[in-house]
Amino acid sequence: MSSNARRAVCVAASLAAAFAVLAAAAAAGEAPGGGLGKPFETQGFSTPESVAAAPGGGWFVSNINGQPAAKDSNGFISKLAADGSVAKLRFVESTREHPLHAPKGLAVHKGTLYATDIDRLVGYSAEDGSFVEEFDLPGAKFANDVAASAEGALYVTDSQADRIYRAKAGSALKEKPVVLAEGGHLAGPNGVAVAPDGSLRVCTTRTGKILKVSAGGEVSVLHETGKTALDGLGFDSRGDIVVSSFSAGEVYRVDKAGKVEVLAAGLGSAADICVDAAAGLVVVPRFQQNAVKAVPLR
Ligand SMILES: [Ca+2]
Ligand SMILES: [Ca+2]
């Protein structure tokens with residue numbers, strides 16, 4: 001899950017705010033990144049795939065509810081309060097006019113919550129969950145994660161079509177999404193996050209790589225983690241990458257030299273995480289356990 005008004009917030013809000021937070025923590029004698037938000041675990045979801053921070057606090061959680069590629073009109077998005085309790089289980093619901101089948105990646109941009117849904121990208125009000133806009137993703141098979149840049153570029157990975165799409169927030173009625181990059185070298189692109197310079201970081205399902213994708217679509221390998229089934233990623237307050245492995249049920253920090261450190265283990269199926277540097281938490285959707293667990297971002 002990686003992604004981004006507060007995945008942008010989970011990333012961007014954080015990078016700016018985090019240094020102030022770290023300074024305050026240091027002044028208070030606390031460990032960096034330690035403990036503004038409290039760890040929690042919340043049950044009762046239906047195949048949760050992605051978590052994104054909500055404007056004003058708390059988180060959104062996508063619920064596939066059934067098979068990941070089934071067009072079954074029963075997907076929904078939950079809203080959690082800042083303590084991890086469920087504020088509204090069905091904050092966004094499927095409707096006859098605007099069906100929601102199997103929402104996965106989430107990103108917030110300027111008050112709109114975007115969710116991928118198999119072959120579409122759908123936007124809802126982050127305030128009340130009402131429908132805003134939707135994009136068809138031509139040729140998409142399994143749209144997975146989404147991330148938003150500060151300028152409103154929306155980047156969507158498709159881990160079966162081996163593609164990355166780019167759409168423009170607010171433009172669904174006038175501009176079609178374009179394919180930014182495609183090919184087997186994307187190796188099942190899954191989590192996507194926007195770096196401060198506007199380039200993308202993408203983790204791969206099939207090879208355990210972390211790729212850099214430029215704004216022009218050039219792809220290069222940044223890190224080989226040696227891990228499997230990477231799913232969601234974001235940045236900590238130092239700008240290092242934090243990434244989950246679905247198959248291992250673990251979360252790692254990958255520093256700029258490529259050193260991999262285990263931050264959390266025993267999570268079961270760790271899908272698209274929200275790395276919330278400001279809160280000092282990694283919020284992990286436990287896909288097969290129907291739970292969401294927040295662990296400290298040490
Ligand atoms: Ca479903
Ligand atoms: Ca994912």
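Let me start with W59, which, leaving out residues up to four places away in sequence, touches V51, A52, A53, A54, L80, C274 and V283. Please keep in mind throughout that we are looking at a predicted model. W59 belongs to the largest nonpolar core, a set of 85 residues, and together with L121, L154, V156, V282 and V283 it touches the most other members of that core. As a general remark, in soluble globular proteins nonpolar side chains tend to be buried together.

W59 also takes us to the first sheet I would like to describe. Residues 59-63 make up strand 3, which is joined by five bridges to strand 4, residues 76-80, with the two running antiparallel; within that pairing, V61 has S78 in strand 4 as its bridge partner. These two strands are part of an open sheet of four, in the order 2-3-4-5, with antiparallel pairing. Strand 2, residues 48-53, and strand 5, residues 86-93, each have a single partner strand and stand at the edges, so one side of each is left without a neighbour in the sheet. From one strand to the next, the twist in this sheet averages 25 degrees.

Before going further along the chain, a word on the whole. The protein chain contains one helix and 24 strands, and of its 298 residues 53% are buried. The average pLDDT of the chain is 91, and 88% of the residues score at least 70. Where should we be careful? Over residues 1-9 the pLDDT stays under 50, although the model has 70 contacts beyond four places in sequence for them, and over residues 11-35 it is again below 50, with 40 contacts in the model beyond near neighbours in sequence. Where pLDDT is low, the predicted coordinates should not be read in detail.

Now to two residues with a backbone angle that you may want to look at on the screen. K110, which is not a glycine, has a positive phi of about 45 degrees, and its place is in the loop between strand 6, residues 106-109, and strand 7, residues 112-116. D162, likewise a residue other than glycine, has a positive phi near 50 degrees, and it is found in the loop between strand 11, residues 153-158, and strand 12, residues 163-168. Is each of these loop residues buried or partly exposed? K110 counts as partly exposed because it has 13 C-beta neighbours inside 10 Å, whereas D162 has 20 C-beta neighbours inside 10 Å and therefore counts as buried.

Another loop residue is H185, which lies between strand 13, residues 178-182, and strand 14, residues 189-194. With 15 C-beta neighbours inside 10 Å, H185 counts as partly exposed. The C-alpha atom of H185 is separated by 9.7 Å from that of L211, and the two residues are 26 apart along the chain.

L211 brings us to strand 16, residues 209-213, which runs antiparallel to strand 17, residues 219-224, and is joined to it by five bridges. One of the residues involved is V213, whose bridge partner in strand 17 is V219. The two strands form a hairpin with five residues between them, and in the turn G217 has a positive phi of about 100 degrees.

Following strand 17 comes a loop that leads to strand 18, residues 230-235, and T228 has its place there. T228 counts as partly exposed, because 14 C-beta neighbours lie inside 10 Å. Apart from neighbours within four places in sequence, T228 is in contact with G208, S245, S247 and A248, and its C-alpha atom is 8.5 Å from that of T204, a residue 24 places away in sequence.

S245 then connects T228 to the last sheet. Strand 18 and strand 19, residues 241-245, run antiparallel and are joined by four bridges, and S245 in strand 19 is the bridge partner of L230. The sheet itself is open and has four strands in the order 18-19-20-21, paired antiparallel; strand 18 and strand 21, residues 260-264, are the edge strands, each pairing on one side only. Here the twist averages 30 degrees from one strand to the next. At the other end of the order, strand 20, residues 250-254, pairs with strand 21 in the antiparallel sense over four bridges, with V251 having A264 as its bridge partner in strand 21. In this hairpin five residues lie between the strands, and G258 takes a positive phi near 95 degrees.

Technical notes. Residues are numbered from 1 along each chain as its sequence is written. Chains are lettered from A and ligands numbered from 1 in the order in which they are written. This is a predicted model: local features need pLDDT of at least 70, side-chain atom pairs count only at pLDDT 80 or more; totals for chains, interfaces and linings use all residues. Two strands pair if DSSP finds at least two bridges between them. Axes are lines fitted to C-alpha atoms, for helices over the stretch in contact, and angles run from 0 to 180 degrees between N-to-C directions. A nonpolar core is a set of buried Ala, Val, Leu, Ile, Met, Phe, Trp, Tyr and Cys residues joined through C-beta atoms within 7 Å. A residue is buried if 20 or more other C-beta atoms lie within 10 Å of its own, exposed if 12 or fewer, and partly exposed in between; C-beta atoms are placed from the backbone. Two residues are in contact if their C-beta atoms, placed from the backbone, lie within 7 Å. pLDDT is the predictor's confidence in each residue, from 0 to 100.
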